[in-house]
Number of protein chains: 2
Amino acid sequence: MAHLFRGGRVHQIFGADTDVGKTIFSTALALASAACPLDGSVPARTLDAHAAGEAVAYLKPVSTGAASEADEGHLRAFAPHVEAHTLMQFRDPVSPHVAATHDGSLPADAQDAALVSRIGAWIHAHTQGAALIETAGGVHSPGPSGTSQADLLRPLRLPTILIGSSVLGGISTTRAAYESLTLRGYDVDAVLLFPSPIYGNDTYLRDYLAERGVRVFTLGGPSSTSAWGPPPVRAATTAQDYEAMRRYYLGVVHGEQGDSAISVVRYLRELHTQRIAALESLGKRAHEQCWWPFTQHTRVGVDDVMTIDSAHGDFFAVHTPASPHSLLTPVFDGSASWWTQAVGHAHPRLALAAAYAAGRYGHVMFPGAAHEPAVRLAERLLATVGRGWAARVFYSDDGSTGMEVALKMALQSSVRRYADDTSDAATRARTVRGRQPGSLGGRPPRVWEVLGLQGSYHGDTIGAMDACEPSVFSEHVEWYQGRGYWMTPPTVHLRAGRVYIEVADAGRDWPASGALAQLDTIDDVYDVEARRASPLAAHYRRVVHAMLERLVVEERRRFGALVLEPLVMGAGGMIFVDPLFQRCLVEVVRERTDLFALRDPPLRDAATGTAPRGAWSGLPVVFDEVFSGLQRLGYASGTEALGVAPDVSVVAKILSGGTVPLAATLASDSIFRTFTSSTEKAHALLHGHSYTAHPVGCQIALETLDLLDTARRTGIWDRARVERLSHLPRVDSVMALGTVLAVALRTERAGYASEEAESIVRRLRTQAVPAACHPNVPPTAADVDAPAFPLHLRPLGHIVYIMASPTTSEPVCQRALDALEQVLQAAT
Amino acid sequence: MAHLFRGGRVHQIFGADTDVGKTIFSTALALASAACPLDGSVPARTLDAHAAGEAVAYLKPVSTGAASEADEGHLRAFAPHVEAHTLMQFRDPVSPHVAATHDGSLPADAQDAALVSRIGAWIHAHTQGAALIETAGGVHSPGPSGTSQADLLRPLRLPTILIGSSVLGGISTTRAAYESLTLRGYDVDAVLLFPSPIYGNDTYLRDYLAERGVRVFTLGGPSSTSAWGPPPVRAATTAQDYEAMRRYYLGVVHGEQGDSAISVVRYLRELHTQRIAALESLGKRAHEQCWWPFTQHTRVGVDDVMTIDSAHGDFFAVHTPASPHSLLTPVFDGSASWWTQAVGHAHPRLALAAAYAAGRYGHVMFPGAAHEPAVRLAERLLATVGRGWAARVFYSDDGSTGMEVALKMALQSSVRRYADDTSDAATRARTVRGRQPGSLGGRPPRVWEVLGLQGSYHGDTIGAMDACEPSVFSEHVEWYQGRGYWMTPPTVHLRAGRVYIEVADAGRDWPASGALAQLDTIDDVYDVEARRASPLAAHYRRVVHAMLERLVVEERRRFGALVLEPLVMGAGGMIFVDPLFQRCLVEVVRERTDLFALRDPPLRDAATGTAPRGAWSGLPVVFDEVFSGLQRLGYASGTEALGVAPDVSVVAKILSGGTVPLAATLASDSIFRTFTSSTEKAHALLHGHSYTAHPVGCQIALETLDLLDTARRTGIWDRARVERLSHLPRVDSVMALGTVLAVALRTERAGYASEEAESIVRRLRTQAVPAACHPNVPPTAADVDAPAFPLHLRPLGHIVYIMASPTTSEPVCQRALDALEQVLQAAT
């Protein structure tokens, strides 16, 4: 993972092209680093004053060609004080990916993760002074595995020196290389190149890159022994050659012409100091100026701030001020950055997709318009999440806006249908209780409510909040008013190795509290088809029927939509709802068309017989799949999981691959037609956001869905470990589904306001990060046995959960579980 | 602007580096295009069968070096049937930007816009068959002005052939070049390169690019006359050379080894057909599958759909099926894509900023965290929009969510303060009328309202809607309930050359309807400081005082916030509110602390004396600057424009440079402290969105604000033209401020439901696009006299408005005004 040391600079050196002089510049920088006094005094005009400056180490991770010609040899010859090392040497003078596989398969120590670990280990042995890592060829020249070096080294995210090209065409290759590095989130500290008096590359690049805050240095020039341009020789074969080259280096280091390598070193030292200062101040600056979401600021000390310098794959690079090692520590993003991550942070294909759409369109307004990313994404969503039922896609910006759109669609559909002035005798007879005198008393006019489940969460805008029961989230929101009824759901728990379905608190909805069923495995729970014939299904149907009769007929409430989070209610506390129950609930609501047709005055019925084929029935069913959809829980959609389709569905979070906000609300044709009943503008869905269907988000979404297609989809948590957790004394129950692992702690004060999880999460972080032995290399398959595995988890009341991505590797998931088990055991 | 022709393909040919064989491949493609029969029959094995295939034209826009050696010459020699042309020839064999300025300044016809226009004109003369445009050097080799060719040619956005590099390092340069092209929104149709048997570049790139949907072709190989790799000679000097080269081409065209140029041509033809089919189907696919924002679908026919193929600067490239010329027409984005655009579409610096943040972080969760883009953007906003008053920045996703956050902040601040059980005798005495018996009757419990202006709009989520008066937007939204009082604002109008301030409908707020003042110029209106001493200011204060007394004391209403859109209420109908009035309103509200302290039961007063220094006073003042801020109206902020600061402010739209959704809610320390009064989680602002402070948006915002710093800020509309508009019979009044020009039409049915503007906008589009004479080149300074100037405007009831960007050029603004004037005149 990314590195930064107080005592020393580490730079990676990339070339804009092959043969641009990377080794010459590395040698010059090595000499200058050693020669330039740290105390600010004037450097002696010699190449041998290496006691004055920094200790210098040089690494060539991969080299091809005869060992005698290796770049390391050049360093040894001209900068003998430098500790030079080559990790892998291949004999063939070709690209490493060709050389490495020349004898057949790729050696184990040349796999990407292994190589990065070894480079990381070398870095940790050279944290004082200056360390230079010279890549091979150009920025995208392949490493041994074929992965481009710019991609391969990305987990380390080292400050970068780009060696520009001074030949004809060098402006282009240098700019393109700069862009490829930037696209991977590297900071290019400086560009160095030979003089380019004929082509003017140095002048051009100096101006161009200055606008982007990058300094360009031109090293070398006409000296006593060399003309403009590249140095006299590279592989010194004679004493004369050697002397000419020595004189050349003396000129370059001290800047006989052009910039001096010493000035480069001074600049790099300055940037290094600034980089550390910026990193160290960032937490305080955020603490003073930012207003964090969902955060009680008085509970966050300035030292509690997690400063994220960068991220890669499943890991943040987090500032760790107390570390005696790197100032940056890899920390597992254990909540998938608020459940958004799907293919890992900083995926280069998503970055390029973002750049492509930004470069092709920027944003283009969407009403009445078509653009390729939006249309293709709509088609893709209709063919997956919306398969078999959805006809339209409405875009917005986040889960909350997506749900506001869904609610407007659903409620208005009910209003328009049930405002029809029709009724029949059967309905009137069935609803006779509703006609008792005075039964209208207390019922506020014109309230259309939603039917939902306790623990639901749909977002933080007022409409989305109103669709949720009163809770700590809404307690201090003046304009909140829960507009609905939320039933107690039966939930699934793995407790001491056994799977229970239970109702915690019967309330008015259930005949009794307690266990409803016990199943053998978690998988059994999600085989909804097999369970449909069970007695429990019949029980569910009876309970729902009774509840609806009570609410509508006795209590005279009027509903406009059934709103569900399929499978798991996330923000409400990782509540795993029995999928069989959700299935039955949807089915019963759709059957009871008679009930929902009630109007003010009551006893009216919708003309249900006239509803067109495929039209919604009973109530429009809204699936809030913002959290649960798109492989988060191992299913593409709630429809796939429950075996029943909604009329409206909302997806977000994973949709845009964990990069930028984007939501999509899918709707059936029946819902859509509610808003196309006339040509009146006022009858349309008058909702929109400026960036509706922004091409950048749509393009990223297409790329994400492509990548997810090749990611594994089944549960990623080791069953034995999960079961072990369920036996711990500190643990009430456990659940694991898809990428989510949730542990409910034994507590007396459950819910969001509980601080149980917060204390465990804190303990987990401190226990799991023994700074003294932290390896500071990315915990990949290659070094999965490293002792420390810091996890950043987000506490949720009395629930501790870990959320991985569909692409997270098995070893990483296992280490996360082990770390959690260790802490829970210690906390007992 | 972008081009696409049914009858012919146009391709631009870029090189991964200089000297990769662009001219060889161009020649081979030219020969193959001519030789490959269009009827699908087998091509004759000769180079002279050019009657069978396509007519071929070749353009070298810029060439350097002796004319005799020019690439055009090579084409002429080996493909004499091709119409070859060079636009600009510079003698020096160096980069065009060096050669072009060798004699001093840049020739006028070598300026970027002129060059692009000339290339566009050449393309329009070669719309049948195959047209090849060969660039010079690599993708980023500078054109004559110094602009990289990839940037220079972007307005044309031609389908691209990338010539890869087969030498050592060529994998890197080819991949980097591919990324630079992709970053600019180009579609790379194919990559061609020479065989690379030693380095394996062709094999590597074939696999790598296949994953990205790009085909790689390897042309050439061992034939009777040439070894693997590049061709035998390039500049044929002898008959023998010429013959060798001819044989080489014969082999390449027909694929003696490797892929044949004919197979490339077939593939390009196929892509061309697919491209047209995709473009032509896109509108229908959107029409059938997308649900557009703010759109009555029944009013949009499938042929009305605006298919946007790409965008650049101020222009969309729009599909024009009826055009006898290009299938793509440049259309001025006259509503700045829902008011988001600031620096033009597809700005390469914004695309790179997006890619950098995506490559460095992806998204990282924000609660309790710090990352550089978010912290730097917060600092930047506090130092500009929030200068002198704001202390905190809360991020969300769009204007609507930003306003929901603002409302929660403001209302909760009022609730917490005015829930204090304090009162004083003076307040009780002043509010005696409120104590009349029965005066509580009908007042619903616990309603905290907002005070605002008629015509306000704050977004489409329920909370934001509730802060607006009932309107067509909310008429069919069941959960909407306006919670506030909205005063009639005095508005500004340029009518027949004179500037009036008037109140259209006095209602209960004003003593009388009609004109309140007349000023000489629009600029005078915005000199708020000078006008503060005017009698009108005193009048405003009296009116506001009286209104507040009436609302609070007589009507017993309780307010929690004053919510204003500074200067212009956009969505409400481009209502230009007198800034002096907004200034006075804020001041009076802040003075009347006594009034707002009223509680249920009434007559209580807040302990106003105890409010800390710098605390909000009276009511928290919220500026909704989503539309009006960040130079949209020529001001960085409402504070700058009105001379009075809010307590909470929301910015969005321009903030993220017209690319991705991002909003920021700024708050004073006084507001922030409302939520930090305890360590209780429940007392925090429990609001957040998954992508809060997403790094991609923040990084783009930083880059946008940098770019805006160098953009001009003053009014961009020609005063004489604006005044002329105000005299037209069809026009009621006109206003121009910053980037906005609004025309109110004379109508009997004003407001959003009016269809007046819609009909004008339609007429404008058809009148302004005489397809037969459309130049299909970007209307830049160079060809501003071109006859047609299509404008895409968004109708707004009886208002027609044009919205430019702070960076839109003067000629473009003038052409837009002229087009509007012409249509308005004709419509009279």
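This report describes the symmetry, the core, two helix settings and a few individual residues of a predicted model.

**Overall arrangement**

Chain A can be superposed on chain B with an RMSD of 0.1 Å by a turn of 180° combined with a shift of 0.0 Å along the axis. The two copies are thus related as by a two-fold rotation axis. Since 100% of the interface residues of chain A are also interface residues in chain B, the copies meet through the same surface. Within chain A there are 26 helices and 27 strands, and 62% of its 828 residues count as buried. Of the contacts in chain A that link residues at least 6 apart in sequence, 73% join residues at least 24 apart.

**Core and chain-to-chain contacts**

The largest nonpolar core holds 556 residues, of which Ala354(A), Ala355(A), Ala354(B) and Ala355(B) touch the most other members. When neighbours within four places in sequence are left aside, Ala354(A) is in contact with Thr659(A), Val696(A), Gln699(A) and Ile700(A) of chain A, and also with Ala354(B), Ala355(B), Ala358(B) and Val696(B) of chain B.

A further meeting of the chains involves helix H6 (residues 170–183) of chain A and helix H6 (residues 170–183) of chain B, whose axes come within 8 Å and cross at roughly 75°. That crossing makes H6(A) roughly perpendicular to H6(B). Among the residues that meet here are Thr173(A), Ala176(A) and Ala177(A) from H6(A), together with Thr173(B), Ala176(B) and Ala177(B) from H6(B).

**The buried side of H2(A)**

In helix H2 (residues 71–78) of chain A, the buried residues are Asp71(A), Glu72(A), His74(A), Leu75(A) and Phe78(A). They cover an arc of only 160° around the axis, which puts them on the same side of H2(A). An α-helix has 3.6 residues a turn, so residues three or four places apart point the same way. The cover over the buried residues of H2(A) includes helix H1 (22–35), helix H8 (239–254) and the strands E2 (56–64), E3 (83–90) and E4 (129–138) of chain A.

**Two buried residues of chain B**

Leu193(B) lies in strand E6 (residues 188–193) of chain B and is buried, with 27 other C-beta atoms within 10 Å. Although Leu193(B) and Gly21(B) are 172 residues apart along the chain, their C-alpha atoms are separated by 8.1 Å. Not counting residues up to four places away in sequence, Leu193(B) touches residues including Ile163(B), Gly164(B), Asn201(B) and Thr218(B).

Lys408(B), in helix H13 (residues 399–418) of chain B, is likewise buried, with 26 other C-beta atoms within 10 Å. Its C-alpha atom is 7.9 Å from that of Leu685(B), a residue 277 places away in sequence. Apart from neighbours within four places in sequence, Lys408(B) is in contact with Leu685(B) and His687(B), and with Val477(A) of the other chain.

**Positive phi in two loops of chain A**

Two residues other than glycine have a positive phi, as the table sets out.

| Residue | Phi | Loop | C-beta neighbours inside 10 Å |
|---|---|---|---|
| Arg556(A) | about 60° | between helix H18 (535–554) and strand E18 (559–564) | 20 neighbours |
| Leu630(A) | near 55° | between strand E21 (621–624) and helix H21 (638–642) | 26 neighbours |

Because a residue counts as buried when 20 or more other C-beta atoms lie within 10 Å of its own, Arg556(A), with its 20 neighbours, is buried, and Leu630(A), with 26, is buried as well.

Notes:
Residues are numbered from 1 along each chain as its sequence is written. Chains are lettered from A and ligands numbered from 1 in the order in which they are written. This is a predicted model: local features need pLDDT of at least 70, side-chain atom pairs count only at pLDDT 80 or more; totals for chains, interfaces and linings use all residues. Copies are superposed by least squares on the C-alpha atoms of residues with pLDDT of at least 70 in both. Two residues are in contact if their C-beta atoms, placed from the backbone, lie within 7 Å. A nonpolar core is a set of buried Ala, Val, Leu, Ile, Met, Phe, Trp, Tyr and Cys residues joined through C-beta atoms within 7 Å. A residue is buried if 20 or more other C-beta atoms lie within 10 Å of its own, exposed if 12 or fewer, and partly exposed in between; C-beta atoms are placed from the backbone. Helices (H or I, at least four residues) and strands (E, at least two) are DSSP runs, numbered from the N terminus. The arc is that of the directions from the helix axis to the C-beta atoms. Axes are lines fitted to C-alpha atoms, for helices over the stretch in contact, and angles run from 0 to 180 degrees between N-to-C directions. Angles under 35 degrees count as roughly parallel, over 145 as roughly antiparallel, 65 to 115 as roughly perpendicular and the rest as oblique.
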